[in-house]
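Reader: I am new to this structure. Please take me through it, and tell me what each label rests on.

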Amino acid sequence: MTASDLALFTPFRLRDLDLRNRIVLAPMTRARAGEERIANDLMAEYYAQRAGAGLVITEATTVSAQGNGWVESPGIYTDEMTAGWRKVTDAMHAAGSPIFLQLWHCGRASHSDFHGGELPVAPSAVKLEGDGVHVPGGGKKPHETPRALETNEIPGIVADYREAARRAKEAGFDGVEIHSANGYLLDQFLQSRTNHRTDAYGGSVENRFRLLREVVEAVREIFPADRIGVRLAPNGVFNDMGSDDFRETFTFAAKELDAYGLAYLHVMDGLAFGFHEKGEPMTLEDFRAVFTGPIIANCGYDRDSAEEAIQRGGADLVAIGRPFIANPDLVERYRNDWPLAESDASTWYAGGDGPTGYTDYPAYDESVTAS
């Protein structure tokens with residue numbers, strides 16, 4: 001069997017979407033939206049360069065100003081932002097690739113400098129223990145103890161997700177992914193490590209899941225369930241996460257999400273971002289046992305491990321992240337056994353440098369290699 005014969009390159013029917021292969025461009029923050037947080041021509045070029053993926057999921061995109069916590073990341077909460085994203089979806093559809101927008105609220109993984117001096121919000125006043133956060137204007141500052149959201153504020157956050165989904169549909173996205181992973185707001189509510197509430201949104205796993213359920217149901221008012229994905233990170237330590245009851249929590253969440261008939265469940269089962277070591281890591285098979293829809297595997301996969309996950313039935317699709325940075329034609333490099341280029345990590349989030357380390361990585365040229 002040659003590389004081009006791998007299951008990874010076979011078409012896949014994702015509910016009602018036909019994907020040309022089973023490789024997904026994973027969501028990766030790249031910080032090129034400027035201070036205005038508006039998707040632009042450069043971003044449209046970046047995504048179109050990577051349109052060889054069967055499905056493209058955008059970088060995390062904030063649903064409100066309150067959700068901001070990353071310098072020069074994009075948003076989807078103003079008319080100008082909506083229009084900016086239309087440039088991206090038009091470019092992707094011209095290239096024949098479906099694209100989902102990832103919806104994001106940073107929660108405690110933010111800083112008051114993003115919010116005019118107001119503290120970031122979270123389910124509970126539990127400080128993120130980490131090496132600090134990059135803030136507007138340059139530099140890095142220590143994390144702060146966030147403000148616990150009042151119960152009566154939560155419907156407003158749900159409404160922000162609904163409105164962001166409406167804007168995503170207006171901007172031409174084929175669907176949306178709800179980011180409930182990596183220690184951001186929805187993950188903070190889901191996990192007992194960060195959720196110490198005593199109201200209807202805290203305590204039991206059913207209550208901690210409540211906000212994610214309400215967000216899914218709100219977004220479902222805009223997109224049908226089969227155009228909505230959810231991302232979970234059961235094993236991750238990123239943003240100071242990891243709960244003793246992680247197996248119970250994520251098994252419950254996956255089982256409940258299964259009832260909606262979602263487009264997919266995006267599971268960060270890999271350990272490339274660190275492992276909390278609260279027990280044996282959860283596997284794709286653990287999720288297969290309770291989620292009957294399509295599963296996307298993610299975090300640290302390469303071509304061979306992605307193929308193995310599909311062959312054994314653990315995943316239907318595999319999201320690849322960092323290798324796509326320096327290899328816009330990654331699918332063809334995988335298919336043809338061409339060597340991979342290495343990216344310069346110092347430019348991953350170098351917004352002020354524009355195309356440098358972003359759109360200036362060339363596709364592979366066989367003729368140059370042959371000569």
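Reader: Where is the place of His93?
Author: In helix H2, residues 79-94. Keep in mind that this is a predicted model.

Reader: Why is His93 called partly exposed?
Author: Its relative accessibility is 35%. Buried means under 20%, and exposed means over 50%. His93 falls in between, so His93 counts as partly exposed.

Reader: What makes the link between the side chains of His93 and Asp174 a polar contact?
Author: The distance is 2.8 Å. The cut-off is 3.5 Å, for a pair of N or O atoms of which one can donate a hydrogen and the other accept it. The pair therefore qualifies as a polar contact. Along the sequence, His93 and Asp174 are 81 residues apart, while their C-alpha atoms are 9.5 Å apart in space. Leaving aside neighbours within four places in sequence, His93 is also in contact with Ile99 and Gly172.

Reader: Is Leu14 buried or exposed, and how do you know?
Author: Buried. The relative accessibility of Leu14 is 0%. The limit for buried is under 20%, so the label follows. Leu14 has its place in strand S1.

Reader: What does Leu14 touch?
Author: Beyond four places in sequence, Leu14 touches Leu19, Leu55, Ala263, Tyr264, Pro294 and Leu317. Take Ala263: 249 residues separate it from Leu14 along the chain, yet the two C-alpha atoms are 6.7 Å apart.

Reader: What is the phi of Arg15?
Author: It is near 55°, a positive value in a residue other than glycine. Arg15 sits in the loop between strand S1 (12-14) and strand S2 (17-19). Its relative accessibility is 34%. That is neither under 20% nor over 50%, so Arg15 counts as partly exposed.

Reader: Which buried residues does helix H1 have?
Author: H1 covers residues 41-49, and Leu42, Met43, Ala44, Tyr46 and Tyr47 are buried there. They pack against strand S3 (23-25), strand S4 (55-62) and H2. At the start of H1, a side-chain oxygen of Asn40 comes to within 3.2 Å of the backbone nitrogen of Leu42.

Reader: How do you know what span is expected of helix H7?
Author: H7, residues 246-258, has 13 residues. The expected span is 1.5 Å times one less than the number of residues. That gives the expected 18 Å, and H7 reaches 18 Å from its first C-alpha to its last.

Reader: What do the buried residues of H7 pack against?
Author: Their partners include helix H4 (185-190), helix H6 (210-219), strand S12 (264-267) and helix H8 (284-288). Among the buried residues of H7 are Phe246, Phe250, Ala254 and Leu257.

Reader: Why is Asp316 called buried?
Author: The relative accessible area of Asp316 is 14%. Buried means under 20%, so Asp316 meets the limit. Asp316 lies in the loop between H9 and strand S14 (317-320). Its side chain makes a polar contact of 2.9 Å with the side chain of Arg288. Other contacts of Asp316, outside four places in sequence, include Phe12, Arg22 and Ile310.

Reader: Which residues line the largest cavity?
Author: Asn182, Ala233, Asn235, Gly236, Met268, Gly270, Phe273, Gly274 and Cys299. By class, the lining has 4 nonpolar, 5 polar and no charged residues. Gly counts as polar here. The volume is about 40 Å³. The structure holds 1 cavity of 30 Å³ or more.

Reader: Why does Cys299 count as buried?
Author: Its relative accessibility is 9%. The limit is under 20%, so Cys299 counts as buried. Cys299 is placed in the loop between strand S13 (295-298) and helix H9 (303-311). Its phi is near 100°, a positive value in a residue other than glycine.

Reader: What makes Ser305 partly exposed?
Author: Its relative accessibility of 26% does. Under 20% would be buried and over 50% exposed, so Ser305 is partly exposed. Ser305 is found in helix H9. Its side chain makes a polar contact with the side chain of Asp302, at 2.9 Å. Leu330 is 25 residues from Ser305 in sequence and 15 Å away in space, C-alpha to C-alpha.

Key:
Residues are numbered from 1 along each chain as its sequence is written. This is a predicted model: local features need pLDDT of at least 70, side-chain atom pairs count only at pLDDT 80 or more; totals for chains, interfaces and linings use all residues. Side-chain values use heavy atoms; hydrogens and water are left out. Helices (H or I, at least four residues) and strands (E, at least two) are DSSP runs, numbered from the N terminus. Buried means under 20% relative accessible area, exposed over 50%, partly exposed in between (1.4 Å probe, protein chains only). Contact means heavy atoms within 4.5 Å. On a 1 Å grid over the protein atoms alone, a cavity is a set of points where a 1.4 Å probe fits but cannot get out, and a pocket is an open set with protein on both sides within 12 Å along at least five of seven lines; lining residues have an atom within 4 Å of a point. Grid points are joined across faces, edges and corners, and a volume is the space filled by probe spheres set on the points.
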